[in-house]
Amino acid sequence: MKEKNPQLLSWSYVPSYTAGLTFFIAVAATNLFHQGNWQRVYAAKDQKTLKKGLIISFFIIVPIVFFMGFAGMVSFSIDPANRPDLGFFTLLLKEQTELLSLIIVILGLALTISTIDTLINAISSLIVVDGKATFKFKHKVNYLNFSKYTIIILSLISFFVASKGFDILYLFLLADLFCCAFVFTVFYSFYNKDINEKTAYISILIGLIGGFLMFPFPDFSKSLLVGVLLPIEIFKPFILQSLLFLSFIIATFLPMVILKIIKV
(Lines give C-alpha, C1' and ligand atoms only; values in the text may rest on other atoms or scores of the structure.)
Protein backbone atom coordinates (compact mmCIF):
# COMPACT_ATOMS: atom_id res chain seq x y z
CA MET A 1 0.00 0.00 0.00
CA LYS A 2 2.85 2.39 0.79
CA GLU A 3 4.42 1.70 -2.60
CA LYS A 4 1.33 1.79 -4.84
CA ASN A 5 -1.30 3.84 -2.98
CA PRO A 6 0.32 5.77 -0.12
CA GLN A 7 -2.58 8.26 -0.11
CA LEU A 8 -4.83 5.57 1.39
CA LEU A 9 -2.77 5.72 4.58
CA SER A 10 -2.55 9.50 4.72
CA TRP A 11 -4.47 11.41 7.41
CA SER A 12 -4.99 14.26 4.92
CA TYR A 13 -6.66 12.09 2.25
CA VAL A 14 -10.22 13.47 2.27
CA PRO A 15 -11.89 10.61 0.28
CA SER A 16 -11.07 8.26 3.16
CA TYR A 17 -13.26 10.30 5.50
CA THR A 18 -16.08 10.78 2.99
CA ALA A 19 -16.06 7.03 2.25
CA GLY A 20 -16.36 6.25 5.96
CA LEU A 21 -19.20 8.73 6.41
CA THR A 22 -20.91 7.41 3.27
CA PHE A 23 -21.14 3.88 4.53
CA PHE A 24 -21.99 4.99 8.06
CA ILE A 25 -25.00 6.92 6.72
CA ALA A 26 -25.97 4.10 4.36
CA VAL A 27 -25.72 1.30 6.90
CA ALA A 28 -27.47 3.31 9.63
CA ALA A 29 -30.38 4.22 7.36
CA THR A 30 -30.69 0.71 5.94
CA ASN A 31 -30.64 -1.07 9.29
CA LEU A 32 -33.36 1.17 10.67
CA PHE A 33 -35.62 -0.53 8.11
CA HIS A 34 -34.26 -4.01 8.85
CA GLN A 35 -37.20 -5.82 10.39
CA GLY A 36 -34.89 -8.55 11.69
CA ASN A 37 -33.08 -6.02 13.88
CA TRP A 38 -36.35 -4.73 15.32
CA GLN A 39 -37.48 -8.28 16.02
CA ARG A 40 -34.34 -8.82 18.07
CA VAL A 41 -34.92 -5.56 19.93
CA TYR A 42 -38.47 -6.44 20.91
CA ALA A 43 -37.54 -10.04 21.67
CA ALA A 44 -35.06 -8.95 24.35
CA LYS A 45 -35.93 -10.09 27.88
CA ASP A 46 -35.61 -6.60 29.32
CA GLN A 47 -33.88 -3.24 28.82
CA LYS A 48 -30.71 -4.40 30.59
CA THR A 49 -30.40 -7.47 28.34
CA LEU A 50 -30.97 -5.35 25.24
CA LYS A 51 -28.33 -2.81 26.27
CA LYS A 52 -25.83 -5.54 27.11
CA GLY A 53 -26.43 -7.30 23.79
CA LEU A 54 -25.98 -4.09 21.79
CA ILE A 55 -22.73 -3.21 23.57
CA ILE A 56 -21.26 -6.70 23.09
CA SER A 57 -22.31 -6.68 19.42
CA PHE A 58 -20.69 -3.29 18.94
CA PHE A 59 -17.29 -4.44 20.21
CA ILE A 60 -17.48 -7.60 18.07
CA ILE A 61 -18.61 -5.90 14.87
CA VAL A 62 -16.27 -2.88 14.83
CA PRO A 63 -12.99 -4.89 14.57
CA ILE A 64 -14.53 -7.14 11.90
CA VAL A 65 -15.68 -4.20 9.80
CA PHE A 66 -12.30 -2.50 10.26
CA PHE A 67 -10.48 -5.65 9.14
CA MET A 68 -12.75 -6.11 6.10
CA GLY A 69 -12.25 -2.49 5.08
CA PHE A 70 -8.48 -2.75 5.49
CA ALA A 71 -8.46 -5.99 3.47
CA GLY A 72 -10.30 -4.16 0.69
CA MET A 73 -7.64 -1.43 0.66
CA VAL A 74 -4.89 -4.03 0.44
CA SER A 75 -6.71 -5.87 -2.34
CA PHE A 76 -7.11 -2.63 -4.31
CA SER A 77 -3.42 -1.85 -3.87
CA ILE A 78 -2.44 -5.27 -5.20
CA ASP A 79 -4.76 -5.11 -8.20
CA PRO A 80 -7.09 -2.10 -8.81
CA ALA A 81 -9.03 -4.23 -11.33
CA ASN A 82 -10.45 -6.44 -8.54
CA ARG A 83 -14.18 -6.05 -7.96
CA PRO A 84 -14.70 -3.99 -4.79
CA ASP A 85 -17.39 -6.30 -3.38
CA LEU A 86 -15.07 -9.31 -3.76
CA GLY A 87 -11.87 -7.64 -2.54
CA PHE A 88 -11.69 -9.57 0.73
CA PHE A 89 -12.20 -12.96 -0.94
CA THR A 90 -9.82 -12.11 -3.77
CA LEU A 91 -7.11 -11.30 -1.25
CA LEU A 92 -7.81 -14.27 1.00
CA LEU A 93 -7.94 -16.86 -1.76
CA LYS A 94 -4.95 -15.51 -3.64
CA GLU A 95 -2.46 -18.39 -4.14
CA GLN A 96 -4.04 -20.41 -1.32
CA THR A 97 -4.87 -24.09 -0.97
CA GLU A 98 -8.10 -25.72 -2.07
CA LEU A 99 -8.92 -26.59 1.56
CA LEU A 100 -8.85 -22.94 2.59
CA SER A 101 -10.98 -22.03 -0.41
CA LEU A 102 -13.53 -24.67 0.60
CA ILE A 103 -13.63 -23.38 4.19
CA ILE A 104 -14.16 -19.80 3.00
CA VAL A 105 -16.97 -20.88 0.66
CA ILE A 106 -18.70 -22.77 3.51
CA LEU A 107 -18.36 -19.82 5.89
CA GLY A 108 -19.60 -17.44 3.19
CA LEU A 109 -22.64 -19.63 2.56
CA ALA A 110 -23.32 -19.87 6.30
CA LEU A 111 -23.23 -16.08 6.58
CA THR A 112 -25.55 -15.65 3.60
CA ILE A 113 -28.01 -18.31 4.79
CA SER A 114 -28.20 -16.79 8.28
CA THR A 115 -28.93 -13.38 6.75
CA ILE A 116 -31.59 -14.80 4.43
CA ASP A 117 -33.18 -16.65 7.35
CA THR A 118 -33.54 -13.38 9.25
CA LEU A 119 -34.92 -11.64 6.18
CA ILE A 120 -37.48 -14.38 5.53
CA ASN A 121 -38.69 -14.24 9.14
CA ALA A 122 -38.97 -10.47 8.88
CA ILE A 123 -40.98 -10.51 5.65
CA SER A 124 -43.22 -13.30 6.90
CA SER A 125 -43.99 -11.54 10.20
CA LEU A 126 -44.77 -8.25 8.42
CA ILE A 127 -47.25 -9.93 6.09
CA VAL A 128 -48.91 -11.92 8.89
CA VAL A 129 -49.19 -8.94 11.25
CA ASP A 130 -49.91 -6.12 8.80
CA GLY A 131 -51.23 -8.04 5.79
CA LYS A 132 -54.90 -7.44 6.58
CA ALA A 133 -54.47 -3.66 6.78
CA THR A 134 -52.13 -3.51 3.78
CA PHE A 135 -53.72 -5.76 1.16
CA LYS A 136 -57.38 -5.58 2.22
CA PHE A 137 -58.56 -8.74 0.46
CA LYS A 138 -62.33 -9.07 0.17
CA HIS A 139 -62.35 -12.74 1.15
CA LYS A 140 -60.72 -14.46 4.10
CA VAL A 141 -57.03 -15.18 3.58
CA ASN A 142 -54.53 -17.28 5.50
CA TYR A 143 -51.75 -14.69 5.71
CA LEU A 144 -49.18 -17.22 6.87
CA ASN A 145 -49.61 -19.20 3.64
CA PHE A 146 -49.78 -15.95 1.69
CA SER A 147 -46.42 -14.94 3.17
CA LYS A 148 -44.90 -18.24 2.05
CA TYR A 149 -46.07 -17.75 -1.54
CA THR A 150 -44.83 -14.17 -1.48
CA ILE A 151 -41.38 -15.26 -0.28
CA ILE A 152 -41.21 -17.91 -3.03
CA ILE A 153 -42.04 -15.29 -5.68
CA LEU A 154 -39.46 -12.87 -4.24
CA SER A 155 -36.89 -15.68 -4.21
CA LEU A 156 -37.50 -16.39 -7.90
CA ILE A 157 -37.10 -12.71 -8.70
CA SER A 158 -33.89 -12.59 -6.64
CA PHE A 159 -32.58 -15.69 -8.41
CA PHE A 160 -33.26 -14.10 -11.80
CA VAL A 161 -31.49 -10.85 -10.83
CA ALA A 162 -28.54 -12.80 -9.34
CA SER A 163 -28.20 -14.83 -12.55
CA LYS A 164 -27.42 -11.62 -14.45
CA GLY A 165 -24.14 -11.19 -12.57
CA PHE A 166 -24.76 -7.62 -11.47
CA ASP A 167 -22.31 -5.97 -9.08
CA ILE A 168 -23.82 -6.83 -5.68
CA LEU A 169 -22.17 -3.83 -4.04
CA TYR A 170 -23.81 -1.46 -6.52
CA LEU A 171 -27.23 -3.04 -5.86
CA PHE A 172 -26.70 -2.62 -2.12
CA LEU A 173 -25.78 1.03 -2.62
CA LEU A 174 -28.90 1.59 -4.70
CA ALA A 175 -31.04 0.08 -1.93
CA ASP A 176 -29.18 2.27 0.59
CA LEU A 177 -30.15 5.35 -1.42
CA PHE A 178 -33.85 4.51 -1.08
CA CYS A 179 -33.45 4.00 2.68
CA CYS A 180 -31.64 7.33 3.04
CA ALA A 181 -34.50 9.13 1.31
CA PHE A 182 -37.15 7.42 3.44
CA VAL A 183 -35.51 7.29 6.87
CA PHE A 184 -36.06 10.80 8.28
CA THR A 185 -39.63 11.26 7.06
CA VAL A 186 -40.77 7.82 8.18
CA PHE A 187 -39.31 7.96 11.68
CA TYR A 188 -40.01 11.64 12.24
CA SER A 189 -43.67 11.00 11.40
CA PHE A 190 -43.85 8.68 14.42
CA TYR A 191 -43.37 11.70 16.67
CA ASN A 192 -44.94 14.48 14.61
CA LYS A 193 -48.56 13.75 13.74
CA ASP A 194 -48.78 16.89 11.58
CA ILE A 195 -47.08 15.01 8.76
CA ASN A 196 -49.79 13.65 6.47
CA GLU A 197 -49.33 11.13 3.66
CA LYS A 198 -49.11 13.76 0.92
CA THR A 199 -46.41 15.70 2.75
CA ALA A 200 -44.47 12.51 3.45
CA TYR A 201 -44.64 11.42 -0.19
CA ILE A 202 -43.47 14.82 -1.41
CA SER A 203 -40.46 14.98 0.93
CA ILE A 204 -39.41 11.40 0.15
CA LEU A 205 -39.82 11.86 -3.60
CA ILE A 206 -37.78 15.07 -3.64
CA GLY A 207 -35.08 13.36 -1.55
CA LEU A 208 -34.99 10.45 -4.01
CA ILE A 209 -34.76 12.75 -7.03
CA GLY A 210 -31.95 14.74 -5.44
CA GLY A 211 -30.09 11.57 -4.51
CA PHE A 212 -30.53 10.03 -7.97
CA LEU A 213 -29.13 13.14 -9.64
CA MET A 214 -25.83 12.60 -7.80
CA PHE A 215 -25.89 8.79 -7.59
CA PRO A 216 -22.89 7.50 -9.57
CA PHE A 217 -23.06 5.24 -12.59
CA PRO A 218 -21.63 1.71 -12.13
CA ASP A 219 -18.15 2.91 -13.10
CA PHE A 220 -18.41 5.75 -10.51
CA SER A 221 -17.01 8.24 -13.03
CA LYS A 222 -20.16 10.35 -13.43
CA SER A 223 -23.79 10.70 -12.44
CA LEU A 224 -27.01 11.87 -14.03
CA LEU A 225 -26.26 15.48 -13.05
CA VAL A 226 -22.47 15.33 -13.24
CA GLY A 227 -21.49 14.27 -16.74
CA VAL A 228 -24.92 13.82 -18.35
CA LEU A 229 -27.07 16.89 -17.69
CA LEU A 230 -24.02 19.06 -17.04
CA PRO A 231 -20.41 18.62 -18.29
CA ILE A 232 -17.92 17.11 -15.86
CA GLU A 233 -15.45 19.94 -16.44
CA ILE A 234 -17.48 22.50 -14.46
CA PHE A 235 -17.33 20.45 -11.25
CA LYS A 236 -14.49 20.45 -8.75
CA PRO A 237 -12.44 17.27 -8.14
CA PHE A 238 -13.98 16.82 -4.68
CA ILE A 239 -17.44 16.45 -6.23
CA LEU A 240 -16.19 13.95 -8.81
CA GLN A 241 -14.53 11.89 -6.05
CA SER A 242 -17.54 12.06 -3.71
CA LEU A 243 -20.57 11.37 -5.90
CA LEU A 244 -21.84 8.55 -3.68
CA PHE A 245 -21.24 10.54 -0.50
CA LEU A 246 -23.08 13.58 -1.88
CA SER A 247 -25.89 11.39 -3.17
CA PHE A 248 -26.53 9.89 0.27
CA ILE A 249 -26.17 13.26 2.01
CA ILE A 250 -28.69 14.91 -0.32
CA ALA A 251 -31.15 11.99 -0.12
CA THR A 252 -30.95 12.00 3.69
CA PHE A 253 -31.11 15.70 4.46
CA LEU A 254 -33.20 17.11 1.60
CA PRO A 255 -36.44 15.67 3.09
CA MET A 256 -35.56 17.48 6.34
CA VAL A 257 -35.32 20.76 4.44
CA ILE A 258 -38.61 20.13 2.64
CA LEU A 259 -40.42 19.36 5.90
CA LYS A 260 -38.91 22.49 7.43
CA ILE A 261 -40.12 24.59 4.52
CA ILE A 262 -43.59 23.08 4.81
CA LYS A 263 -43.26 23.73 8.59
CA VAL A 264 -44.32 20.40 10.03
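**Notes on an all-helix predicted chain**

1. Let me start with a residue in the first helix: Ala26 is found in helix H1. With a relative accessible area of 0%, Ala26 is buried (buried means under 20% relative accessible area, exposed over 50%, and partly exposed in between, with a 1.4 Å probe and protein chains only). The C-alpha atom of Ala26 is separated by 12 Å from that of Ile250, 224 residues apart along the chain.

2. A word on the ground rules. This is a predicted model, in which local features need pLDDT of at least 70 and side-chain atom pairs count only at pLDDT 80 or more, while totals for chains, interfaces and linings use all residues. Residues are numbered from 1 along each chain as its sequence is written, and side-chain values use heavy atoms, with hydrogens and water left out.

3. Now the overall picture. The chain has 10 helices and 0 strands, so its elements run α-α-α-α-α-α-α-α-α-α from the N terminus on (helices, H or I of at least four residues, and strands, E of at least two, are DSSP runs numbered from the N terminus). Taken along the principal axes, the C-alpha atoms fill a box of roughly 65 × 55 × 45 Å. Of the 264 residues, 25% count as buried.

4. Back to the partner of Ala26. Ile250 has its place in helix H10, residues 243-262, and is partly exposed at a relative accessible area of 28%. The C-alpha atoms of Ile250 and Gly207 are separated by 6.7 Å, with their positions 43 residues apart along the chain.

5. Helix H1 (14-32) also holds Thr30. Thr30 counts as partly exposed, at 25% relative accessibility. Its C-alpha atom and that of Leu177, 147 residues apart along the chain, are separated by 8.7 Å.

6. Is Leu8 buried or exposed? Leu8 sits in the segment before helix H1, and is buried because its relative accessible area is 18%, under the 20% limit. From Leu8 to Ile25 there are 17 residues in sequence and 21 Å in space, C-alpha to C-alpha.

7. One backbone angle is worth a look on your screen. Phe220 has a positive phi of about 60° although it is not a glycine. Phe220 is found in the loop between H8 and helix H9 (237-241), and counts as partly exposed at 36% relative accessibility.

8. Next, the second largest pocket, with about 220 Å³ of space. On a 1 Å grid over the protein atoms alone, a pocket is an open set of points where a 1.4 Å probe fits, with protein on both sides within 12 Å along at least five of seven lines, and lining residues have an atom within 4 Å of a point. Grid points are joined across faces, edges and corners, and the volume is the space filled by probe spheres set on the points.

9. Which residues line the second largest pocket? They are Thr185, Val186, Ser189, Lys193, Ile195, Asn196, Glu197, Ala200, Tyr201 and Ile204. Helix H7 (168-188) and helix H8 (197-214) are the elements that give two or more residues to this lining, and H8 gives the most, with 4 residues. By type, the lining divides into 5 nonpolar, 3 polar and 2 charged residues (Ala, Val, Leu, Ile, Met, Phe, Trp, Tyr, Cys and Pro count as nonpolar, Asp, Glu, Lys and Arg as charged, and the others, Gly among them, as polar).

10. Last, the surface. Ile153, Leu154, Ile157, Phe160, Val161, Phe166, Ile168, Leu171 and Phe172 make a nonpolar surface patch of about 820 Å². For such a patch, residues have over 30% relative accessible area and no salt bridge, and nonpolar side chains (Val, Leu, Ile, Met, Phe, Trp, Tyr) are joined within 5 Å. A salt bridge here is a side-chain nitrogen of Lys or Arg within 4 Å of a carboxyl oxygen of Asp or Glu. Helix H6 (143-163) and H7 each supply at least two residues of the patch; H6 gives the most, with 5 residues. Phe160 is found in helix H6.

Terms used:
Patches are made of residues with over 30% relative accessible area and no salt bridge: like charges are joined within 9 Å, nonpolar side chains (Val, Leu, Ile, Met, Phe, Trp, Tyr) within 5 Å. Accessible areas come from the Shrake-Rupley method with a 1.4 Å probe; for residues, only the protein chains shown count as cover.
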